Amino acid sequence: MRIGRTTRAQLTLIQMITCAIAVVSCGIAFGSLSYISNRRSLVQDLLGMAEAIAHNSEAALTFGGEDDAGHMLEILHTRESVSAAYTYDAKGAVFASYTPEGKPQTAYQAPIEGSGHVFQNHHVRVYAPVVVRGQILGSVCIEDDLSSLRDAAKQNVIT
């Protein structure tokens with residue numbers, strides 16, 4: 001029995017649709033996994049920076065050096081996606097702050113207890129405590145606008 005042209009064309013079309021669905025599904029899976037991985041990596045990177053700044057801000061919080069704490073936060077000027085950074089004292093009040101030029105001042109956010117991160121309003125905030133001899137003297141907060149994450153997602157879509 002011979003298959004006619006219309007049946008052969010229909011089978012080819014079904015194969016093409018199946019392949020297209022498989023390619024799109026793989027693209028969605030790849031993009032999702034990549035986004036999750038990049039997000040996790042971004043948080044770990046920011047948390048490492050916050051912990052380093054917290055460690056180097058111990059003396060500033062101990063002896064009341066707001067300028068020194070501010071200079072520690074200014075190290076973040078090399079990272080374009082950072083939209084703000086704060087050093088809080090033990091009472092949760094802003095001790096020092098940093099906002100890059102050209103970025104709007106963000107509203108005050110109370111620090112969280114301990115170390116961690118919060119995703120909110122298309123931003124992520126990471127927190128690291130400033131601890132000296134087991135006593136919490138304050139904390140450091142870095143806020144990132146997630147632009148690097150969005151850029152990586154756009155690149156994945158293009159790819």
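A contact here means heavy atoms within 4.5 Å. With that in hand, welcome to a quick tour of this predicted model, with stops at a buried glutamate, a hairpin and a pocket. Glu143 sits in strand E5, which covers residues 135–144, and E5 also gives the largest pocket the biggest share of its lining.

**Glu143 and its neighbours**
- Glu143 has a relative accessibility of 1%, so it counts as buried, the cut-off being under 20%.
- Leaving aside residues up to four places away in sequence, Glu143 touches Ser81, Val82, Ser83 and Ala84, along with Thr106, His123, Val124 and Arg125.

**The hairpin of E1 and E2**
- Strand E1 spans residues 82–89 and strand E2 spans residues 94–98; the two run antiparallel and are joined by four bridges.
- Within this pairing, Tyr86 has Ser97 of E2 as its bridge partner.
- Four residues lie between the strands of the hairpin, where Gly92 adopts a positive phi near 90°.

**The largest pocket**
- The space in the largest pocket comes to about 190 Å³.
- Its lining is made up of 13 residues, and those nearest the centre are Ala90, Ile112, Glu113, Ile136 and Ser139.
- By character, the lining of the largest pocket has six nonpolar, four polar and three charged residues.
- Strands E1 and E5 each contribute at least two residues to this lining, with E5 supplying three, the largest share.

Terms used:
Residues are numbered from 1 along each chain as its sequence is written. This is a predicted model: local features need pLDDT of at least 70, side-chain atom pairs count only at pLDDT 80 or more; totals for chains, interfaces and linings use all residues. Side-chain values use heavy atoms; hydrogens and water are left out. Two strands pair if DSSP finds at least two bridges between them. Buried means under 20% relative accessible area, exposed over 50%, partly exposed in between (1.4 Å probe, protein chains only). On a 1 Å grid over the protein atoms alone, a cavity is a set of points where a 1.4 Å probe fits but cannot get out, and a pocket is an open set with protein on both sides within 12 Å along at least five of seven lines; lining residues have an atom within 4 Å of a point. Grid points are joined across faces, edges and corners, and a volume is the space filled by probe spheres set on the points. Ala, Val, Leu, Ile, Met, Phe, Trp, Tyr, Cys and Pro count as nonpolar, Asp, Glu, Lys and Arg as charged, and the others, Gly among them, as polar.
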